[in-house]
Amino acid sequence: MDAVLLARLQFALTIMFHFIFPPITIGLAWLLVIAETIGWRKNSEVYKKIGKFFAKILAVTFAVGVATGIVMEFQFGTNWSEYSKFVGDIFGAPLAAEGVFAFFLESGFLGLYLFGRNKVSKGVHWFSGLMVAVGSTLSAFWILVANSWQQTPAGFIVQNGRAELANFWDAVFNPSMWIRFFHTLDSTLIMGAFLMAGIAAYYLLKKQHTEFAKTSMKLAVIVGLIASVLELFPFGHEHARQVALTQPEKFAAIEGLYATEEGGAAMVLFAVPTDQPPELHGTIEVPGLLSWLVFGDVNARIQSINEFPKDEIPPLFLTFVSFHNMVVLGMFFIFVMMWAAWSLYKNKLWENRLLLKILLWSIPLPMVAIQLGWITAEVGRQPWIVYHLLKTKDAVSVTVPAQEVLISIILFGLIYLFLGALYLYIVIGKVKNGPEPLTIKEGTV
Amino acid sequence: MDLNIIWFLLIAVLIIGYAILDGFDLGVGVLHLFTKDENERRININSIAPVWDGNEVWLLTAGGALFAAFPIVYATVFSGFYLAFMLLLFALIFRAVSMEFRGKVDSHKWRNLWDWAFGIGSLLPALLYGVAIGNILKGIPINSDGFFTGNFISLLNPYSIFVGVLSLTLFTMHGSIYLSMKSEGEHRVRIKSYTPKLWIAFVVLYVLVSLYSFFEANYLFASILSNPLFWVFFILLITGIIYIPVAVNSEKFGRAFIASSTTIASMIGLMSVSLFPNMVPSSIDTAYSLTIYNASSTPRTLETMLIIALLGMPLVIGYTIFIYKIFKGKVVLNEDSY
């Protein structure tokens with residue numbers, strides 16, 4: 001098999017699996033900060049219980065996140081050595097900065113947060129929880145700095161056969177960095193909120209731990225509603241505009257602009273795309289809307305796919321479908337959270353079994369949206385590994401035989417399948433066990 | 001002293017930090033394979049539970065710093081050691097989740113499974129780090145284009161495996177001292193009895209590896225005796241090694257831990273002194289070796305990274321000490337424990 005394709009498959013597999021866990025960690029960590037703050041300042045038993053219970057879920061999630069994250073730190077070297085040589089002067093710095101400014105903070109204080117409850121004052125314990133949230137957010141910041149640089153490289157000059165650093169701040173605050181950071185960070189809050197709301201809905205449906213469930217539900221719905229709305233506007237909107245302005249091929253691909261038309265571009269609401277030939281089928285669209293959203297003018301021209309060299313455009317079907325489904329899910333989150341907030345306000349949520357069931361079964365959906373967003377961003381950047389600078393096919397390790405990559409893919413696949421199943425089994429078990437403190441049996445944990 | 005030398009030193013410091021801190025975690029994991037009692041097994045795991053994750057960050061940061069400061073080394077070695085590296089990653093994955101998963105299901109078989117994962121997931125890295133170092137010391141086949149031309153089997157040469165067994169023994173001894181600080185009663189008596197045996201094995205192996213190195217990697221000894229830094233590390237190393245059994249005998253485990261940490265640090269120090277200015281010697285031709293100059297980033301990047309390190313690391317060391325102080329003393333199992 002093709003060594004480049006195998007290396008890409010392995011990267012996709014390992015990053016997508018890893019990327020299940022950090023968003024849950026970050027989102028939950030901030031919800032925990034809120035719960036622990038109320039629990040501590042108001043001395044509220046139920047908030048303390050929320051803190052304790054979700055901290056356990058955070059711990060399992062964090063462990064799998066760390067385990068799968070180690071792979072990512074080294075995989076640029078193992079599978080993408082030509083990439084590493086080309087961008088090392090710039091790309092290594094944010095990874096190292098992540099270690100120094102973020103990983104140490106989150107890992108160190110997570111230990112204190114999980115195991116130090118009885119060893120330190122309430123204030124110090126609260127602070128350790130805050131540092132876990134801050135650390136994991138900083139971690140996301142530096143990783144997104146690195147990723148954004150691949151999308152919209154800045155602050156470099158190409159000389160001596162590689163990209164060399166010209167201006168550190170330009171490289172860090174490259175054109176897509178801030179909006180990507182806010183868009184991604186907000187998605188983690190949606191993830192955390194839906195997880196908490198879904199678990200609360202489960203207890204309400206079962207009529208168990210009612211006080212705990214009602215309080216968690218309120219917290220989750222408030223955070224979830226705000227985060228879902230912000231995700232569409234301004235973050236999603238601005239992120240799409242940034243893509244339109246800085247990566248026009250990607251924008252044309254995700255929006256389904258395949259042929260040049262006179263006047264403004266239409267917003268495609270629904271279509272089934274094909275790559276060869278680039279066509280949309282069964283299209284439902286709003287004329288001029290896309291141009292208006294990007295430039296505030298219904299007649300503004302937006303470049304379409306046929307205006308770019310054929311070997312410099314991303315896969316069309318995958319980017320279009322993942323982007324549009326992500327947007328649909330985003331709309332769905334707003335709808336569900338508004339409905340839940342309204343029912344909460346009217347005091348009808350506890351009896352609304354349909355809505356509770358929807359909340360329960362929606363738990364995985366923010367994760368689906370996050371993965372789709374990731375596919376949109378990364379596949380949309382193809383065929384480049386660094387946009388307009390280095391092609392993916394020129395970035396792979398030349399000394400690693402394809403068979404060895406195949407072996408590692410198979411092993412990663414099996415191990416991750418096993419870990420994923422165990423993670424679900426353990427988390428579901430924890431939820432079923434409930435938030436009441438368990439009595440410790442002799443010889444168990 | 002130029003930026004390249006500073007970064008060579010800083011990477012060495014990060015590796016030393018990792019070896020000392022995660023070294024005892026790995027050692028505890030190896031000893032876990034020889035612990036049968038459930039309560040003692042829980043003490044083992046909980047002795048490192050609050051800190052192992054932070055300790056492993058030293059490895060991640062060393063990796064990131066290597067990528068940033070010496071990208072050619074990062075790219076060449078990691079792709080060259082591909083399968084060995086994957087084996088290391090799989091081991092670290094299982095070790096990381098084993099502690100968290102182990103106590104989550106009340107079944108003997110389940111716990112047994114994760115005890116093995118924890119033990120093997122600790123033993124393999126402790127061994128593989130030594131194998132990797134052995135290969136670096138001996139030199140690896142790097143051709144004129146800077147590509148590694150060896151394979152997985154060529155990495156498993158007798159010399160490197162010997163160094164691997166040495167590092168495994170060293171980390172296990174280091175872990176036994178740490179666990180002696182953390183455990184009580186019969187558990188501690190048994191763990192404590194391992195230390196002198198491991199110490200003897202370590203000393204014998206170290207002498208043998210040094211002799212073997214003289215034949216296998218003679219260049220390491222070329223001009224070393226005239227280097228004052230060599231003597232500094234050498235004296236520290238001998239002092240550390242001799243002091244370990246003295247301190248263990250008088251039950252001063254904290255001091256013994258400092259002694260074994262000094263031993264680890266000076267071993268890596270000696271290795272760095274003898275490699276310098278090479279980072280990865282080529283066994284094909286020394287002209288192809290990766291050095292701190294031909295494998296580095298630009299001065300601008302090295303300078304930026306230095307600022308990041310100077311801003312961040314004092315803070316890291318500060319709160320790491322703060323957290324260790326909180327968890328000082330014997331392990332007491334409570335509702336938060338694994």
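What follows is a chat about a predicted model with chains A and B.

Me: Let's start with chain A. What makes chain A as compact as a globular protein of its length?

Reply: First the make-up: chain A has 14 helices and six strands. Its radius of gyration is 23 Å, and the globule rule gives 22 Å for 445 residues, so the two are close and chain A counts as compact as a globular protein of that length. The C-alpha trace spans about 65 × 50 × 40 Å along its principal axes.

Me: And how do you know that chain B agrees with a compact globule?

Reply: Same kind of check. A compact globule of 338 residues would have a radius of gyration near 20 Å, and chain B has 20 Å, so chain B agrees. Its C-alpha trace spans about 55 × 40 × 40 Å along the principal axes. As for elements, chain B holds 12 helices and two strands, and from the N terminus they run α-α-α-α-α-α-α-α-α-α-α-β-β-α.

Me: How much of each chain is buried?

Reply: In chain A, 61% of the 445 residues count as buried. In chain B, buried residues make up 61% of the 338. The cut-off behind that word is under 20% relative accessible area.

Me: What share of the contacts in each chain joins residues at least 24 apart in sequence?

Reply: Taking contacts between residues at least 6 apart, the share is 76% in chain A and 80% in chain B.

Me: What about surface and charge?

Reply: Chain A has an accessible surface of about 17900 Å², with 67% of it belonging to carbon and sulfur atoms. For chain B the surface is about 13200 Å², and carbon and sulfur atoms take 72%. On charge, chain A carries 31 positive and 31 negative side chains, with the centres of the two sets 17 Å apart. Chain B has 20 positive and 20 negative charges, and their mean positions are 8 Å apart.

Me: On to single residues. Why is A:Lys250 called buried?

Reply: Its relative accessibility is 4%, and buried means under 20%, so A:Lys250 qualifies. A:Lys250 sits in helix 9 (residues 248–255) of chain A. Beyond its sequence neighbours within four places, its contacts include A:Gln151, A:Val243, A:Pro314, A:Thr376 and A:Arg381. Also, A:Ile305 is 55 residues from A:Lys250 in sequence, yet their C-alpha atoms are 8.7 Å apart in space.

Me: Why does A:Lys85 count as buried?

Reply: A:Lys85 has a relative accessible area of 15%; that is under 20%, so buried is the right word. The residue belongs to helix 4 (residues 81–115) of chain A. Leaving aside neighbours within four places, A:Lys85 is in contact with A:Arg162 and, in chain B, with B:Ile72, B:Ala75, B:Thr76, B:Gly146 and B:Phe147.

Me: What makes the A:Lys85 and A:Glu82 pair a polar contact?

Reply: The distance: their side chains are joined at 3.3 Å, and the limit for a pair of N or O atoms is within 3.5 Å.

Me: And A:Thr137, why is that one buried?

Reply: A:Thr137 comes in at 11% relative accessibility, which is under 20%, so it counts as buried. Its place is in helix 5 (residues 122–151) of chain A. The A:Thr137 side chain makes a polar contact of 2.8 Å with the side chain of A:Trp30. Apart from neighbours within four places, A:Thr137 is in contact with A:Ile26, A:Trp30, A:Phe181 and A:Leu185.

Me: Now the opposite end of the scale. Why is A:Asn160 called exposed?

Reply: Exposed means over 50%, and A:Asn160 has 67% relative accessibility, so the label fits. A:Asn160 lies in the loop between strand 1 (156–159) and strand 2 (162–165) of chain A. Its phi is near 55°, a positive value in a residue other than glycine.

Me: How do you know that A:Asn347 is exposed?

Reply: With a relative accessible area of 54%, A:Asn347 is over the 50% mark, so it is exposed. Look for A:Asn347 in the loop between helix 11 (316–345) and helix 12 (353–361) of chain A. Phi of A:Asn347 is near 60°, positive in a non-glycine residue.

Me: Last one: where are the cis peptide bonds at A:Pro277 and B:Pro277?

Reply: In chain A, a cis bond joins A:Gln276 and A:Pro277, with omega about -10°; A:Pro277 is in the loop between strand 3 (267–274) and strand 4 (279–286). In chain B, the cis bond runs from B:Phe276 to B:Pro277, with omega near 0°, and B:Pro277 is in the loop between helix 11 (253–275) and strand 1 (278–280).

Notes
Residues numbered from 1 in each chain as written. Chains lettered and ligands numbered in written order. Predicted model: local features only at pLDDT ≥ 70, side-chain atom pairs only at ≥ 80, totals over all residues. Heavy atoms only, no water. Helix = DSSP H or I, 4+ residues; strand = E, 2+ residues; numbered from the N terminus. Buried < 20%, exposed > 50% of the residue type's maximum accessible area, 1.4 Å probe, protein only. Polar contact = N/O pair within 3.5 Å; in protein donor to acceptor, adjacent residues only side chain to side chain. Contact = heavy atoms within 4.5 Å. Rg over C-alpha atoms; globule rule 2.2 N^0.38 Å. Areas by Shrake-Rupley, 256 points an atom, 1.4 Å probe, with all protein chains shown as cover. Lys, Arg positive; Asp, Glu negative; His and termini not counted. Charge placed at Lys NZ, Arg CZ, Asp CG, Glu CD.
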